[in-house]
Amino acid sequence: MRLATWNVNSIRSRADRVEAWLQRSDVDVLALQETKCKAEQFPTERFEALGYEVAHVGHSQWNGVALLSRVGLTDVEVGFPGMPWWAKDDAEPVAEARAIGATCGGVRVWSLYVPNGRSLTDPHLDYKLAWLEALRVSAAGWLTEDAEAQVALVGDWNIAPQDDDVWDMAVFANSTHVSPPERAAFAAMVEAGFADVVRPHTPGPGVYTYWDYTQLRFPRREGMRIDFVLGSPALARRVSDARIDREERKGKGASDHAPVVIELAD
DNA sequence: ATGGTTGCACAGCAA
């Protein structure tokens with residue numbers, strides 16, 4: 001089975017590219033982040049025509065996560081248990097569209113769009129850390145229930161866990177994505193039993209999944225590794241290969257993130 | 001070319 005994750009930065013503006021990429025890459029399951037649309041705006045029929053079942057959650061022009069699968073898609077769950085809600089000023093808290101889970105080909109797949117902390121002093125950073133901690137508690141519980149559970153936590157984590165995961169640490173001296181609490185949150189996921197199954201097959205330095213649209217970051221090879229597939233022990237044992245499709249970042253109309261693909265042995 | 005990108009409520013915010 002082939003599984004991929006991709007922050008597409010708007011599914012409506014990227015539908016042609018996603019369709020072409022699906023046909024070229026032949027993946028069985030694709031997790032999408034930043035669909036940036038509401039339910040009725042998602043191009044469900046296009047992907048169904050290619051043989052995929054679709055689950056999506058999106059409430060507005062922000063966030064939005066989806067799963068496409070041609071190996072079954074059951075027990076869809078929007079948001080993980082205990083997922084924090086975002087409370088803007090005095091407004092009512094809302095559950096943002098940042099997590100959707102389903103069972104696809106025997107794997108419990110979660111498409112995740114971890115909140116962007118924005119800056120080290122922004123309330124969004126506290127939200128991000130609380131969100132990650134709640135995810136860790138839930139995910140650790142799944143392994144307590146079943147140590148052999150096949151779980152894939154995939155998506156845009158908005159964390160660069162190692163110095164090699166950004167092109168120049170000096171640029172990020174006072175930035176999110178590399179701060180100790182964010183890295184600790186990522187390490188806690190790993191400690192809970194969820195391994196980065198892509199890095200062993202795509203060692204750095206200089207290996208990234210995201211390049212800012214500005215400042216010619218992509219041609220200058222100035223990127224960040226922030227999109228990850230974290231696998232439970234039973235899933236990690238099945239990973240036979242992984243790649244980051246840097247080619248897909250090229251050309252007009254590319255997302256600022258590249259797809260990340262893993263191969264699972266039967 | 002004194003800016004430099006893209007996407008979405010097409011205006012200013014988010015990434």
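**A buried threonine, an annotated site and a DNA strand**

In this predicted model, Thr-35 touches Ser-10, Ile-11, Phe-42, His-56, Val-57, Asn-63, Gly-64, Val-65 and Ala-66, when residues up to four places away in sequence are not counted. Thr-35 itself belongs to the loop that joins strand E2 (29-33) to helix H2 (44-49). Its relative accessibility is 0%, and because buried means under 20% relative accessible area, Thr-35 counts as buried.

One of the residues touched by Thr-35, namely Ser-10, leads on to the nucleic acid. There are 14 residues around DNA strand B, and those that come nearest are Ser-10, Arg-14, Gln-61, Arg-118 and Tyr-213. Among the secondary-structure elements, helix H1 (residues 11-25) gives the most to the surface near DNA strand B, with three residues. On the side of the nucleic acid, 63% of the atoms of DNA strand B within 4 Å of the protein belong to sugar or phosphate, and the rest belong to bases.

Individual atom pairs give detail to this description. For Gln-61, a polar side-chain atom lies 2.8 Å from a base nitrogen of DNA strand B. In the case of Arg-118, an N or O atom in the side chain is 2.7 Å from a phosphate oxygen of DNA strand B. Tyr-213 takes part through its backbone: an N or O atom there lies 3.3 Å from a sugar or linking oxygen of DNA strand B.

Attention now turns to the annotated positions. An unreviewed UniProt entry lists Tyr-113, Asp-156 and His-257 under "active site". These residues span 145 residues in sequence, yet no two of their C-alpha atoms are more than 12.5 Å apart, so they gather at one spot. The lining of the largest pocket includes Tyr-113, Asp-156 and His-257.

Asp-156 is found in strand E8 (residues 151-156). With a relative accessible area of 1%, Asp-156 is buried. Leaving aside neighbours within four places in sequence, Asp-156 is in contact with Asn-7, Gln-33, Leu-112, Tyr-113, Val-114, Ile-226, Asp-227 and His-257. Both of the other listed positions, Tyr-113 and His-257, therefore appear among the contacts of Asp-156. With Asn-7 there is also a polar contact, in which the two side chains are 3.0 Å apart.

His-257, by comparison, is found in a loop, the one between strand E11 (239-244) and strand E12 (260-264). His-257 is buried as well, with a relative accessible area of 3%. Beyond the neighbours within four places in sequence, the contacts of His-257 are Trp-6, Asn-7, Asp-156, Thr-209, Tyr-210, Ile-226, Asp-227 and Arg-249. Asn-7, Ile-226 and Asp-227 are in contact with Asp-156 and also with His-257.

The cysteines remain to be considered. A disulfide is a covalent bond between the sulfur atoms of two cysteines. The count of disulfides in the model comes to zero, where a pair of cysteine sulfur atoms would have to lie within 2.5 Å. Cys-37 is in no disulfide, since the nearest cysteine sulfur, that of Cys-104, is 19 Å away and the cut-off is 2.5 Å. Cys-104 is likewise in no disulfide, and the nearest cysteine sulfur to it is that of Cys-37. Cys-37 counts as buried, at 0% relative accessibility, and Cys-104 is buried too, with a relative accessible area of 0%.

Technical notes:
Residues are numbered from 1 along each chain as its sequence is written. Chains are lettered from A and ligands numbered from 1 in the order in which they are written. This is a predicted model: local features need pLDDT of at least 70, side-chain atom pairs count only at pLDDT 80 or more; totals for chains, interfaces and linings use all residues. Side-chain values use heavy atoms; hydrogens and water are left out. UniProt positions are given in the numbering used here, feature names are shortened, and annotations may be inferred rather than shown by experiment. On a 1 Å grid over the protein atoms alone, a cavity is a set of points where a 1.4 Å probe fits but cannot get out, and a pocket is an open set with protein on both sides within 12 Å along at least five of seven lines; lining residues have an atom within 4 Å of a point. Helices (H or I, at least four residues) and strands (E, at least two) are DSSP runs, numbered from the N terminus. Buried means under 20% relative accessible area, exposed over 50%, partly exposed in between (1.4 Å probe, protein chains only). Contact means heavy atoms within 4.5 Å. A polar contact is a pair of N or O atoms within 3.5 Å; within protein, one must be able to donate a hydrogen and the other to accept it, and residues adjacent in sequence count only if both atoms are side-chain atoms. A residue is near a molecule or strand if one of its heavy atoms lies within 4 Å of it.
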